Amino acid sequence: MKHVKKVSRRTRVMTGGALAVAIAGGGFGVYSAGASTDSAAPAAVAADAAEGNVMQTNHLTIEAATEAAEAALDEAKKQNQRVSVAVVDRNGNTILTLRGDGAGPQSYEAAEKKAFTAVSWNAPTSELVKRLENAPTLKDIPGTLFLGGGAPVTVDGAPVAGIGVAGAPSGDIDEKIAQAGVAELAE
């Protein structure tokens with residue numbers, strides 16, 4: 001049988017009291033943290049919006065992106081061109097890419113890069129090709145492609161999307177097809 005040391009009443013009371021304070025403090029901390037998180041978050045968001053620290057941007061819906069891409073493919077078919085069409089959002093993220101019947105394997109990625117380039121600079125990629133004469137390192141920016149075939153989609157002058165087309169024998173033809181997608185959105 002082990003020998004158990006007898007603890008004084010004073011030690012038991014102090015240890016029990018410290019334990020009670022620790023439990024109560026921990027419980028209070030949990031409740032307090034939960035309460036402050038729930039009530040502070042909406043107030044912080046409201047304050048940011050009121051102070052102008054939040055801005056809204058327009059984005060193309062998937063339905064509108066699909067209509068634009070299909071309009072571009074219809075135009076490509078009229079011109080007997082086999083192309084891919086990509087639509088990206090304001091941030092350059094791909095919304096959708098359609099590879100037309102018979103389009104080359106390189107056209108898929110090229111269409112996405114042209115769309116990204118057009119929305120990034122809010123300019124048709126045929127115009128951006130001209131800028132390379134003065135700033136040849138622009139072409140080194142990842143994800144871009146400075147060839148005709150990309151067109152920005154704007155609302156009140158601000159870019160909301162980009163449409164890229166690739167696969168026709170020239171960038172001029174690709175860009176005319178992309179512009180058919182832009183025109184569909186303007187209707």
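In this predicted model, the largest pocket is lined by Leu 73, Asp 74, Ala 76, Lys 77, Asn 80, Gln 81, Arg 82, Val 83, Arg 99, Gly 100 and Asp 101. The space within this pocket amounts to about 250 Å³. Five of the lining residues are charged, three are polar and three are nonpolar. Helix H2 (residues 62–78) supplies the largest share of the lining, with four residues.

One lining residue, Arg 99, also belongs to a strand pairing. Arg 99 in E2 is the bridge partner of Ser 84. Strands E1 (residues 84–89) and E2 (residues 94–99) run antiparallel and are joined over five bridges. Their hairpin has four residues between the strands. Within this hairpin, Gly 92 adopts a positive phi near 85°.

The hairpin strands are part of an open sheet of four strands, ordered E2-E1-E4-E3, with antiparallel pairing. E2 and strand E3 (150–155) each have a single partner strand, so one side of each lacks a neighbour in the sheet. From one strand to the next, the twist averages 15°. E1 also pairs with strand E4 (residues 158–166), in the antiparallel sense and over six bridges. Here Asp 89 stands opposite Ala 161 in E4.

Two helices pack on the sheet. H2 touches E1, E2 and E4. The direction of H2 makes about 30° with that of E2. Helix H5 (residues 171–186) packs on the sheet through E3 and E4. The direction of H5 makes about 140° with that of E4. H2 thus contributes both to the pocket lining and to the packing on the sheet.

How values were computed:
Residues numbered from 1 in each chain as written. Predicted model: local features only at pLDDT ≥ 70, side-chain atom pairs only at ≥ 80, totals over all residues. Heavy atoms only, no water. 1 Å grid on protein atoms, 1.4 Å probe; cavity = no way out; pocket = protein on both sides within 12 Å on 5 of 7 lines; lining within 4 Å. Points joined across faces, edges and corners; volume = space filled by probe spheres on them. Nonpolar A, V, L, I, M, F, W, Y, C, P; charged D, E, K, R; others polar. Pairing = 2+ DSSP bridges. Axes fitted to C-alpha atoms, helices over the stretch in contact; angles between N-to-C directions. Contact = heavy atoms within 4.5 Å.
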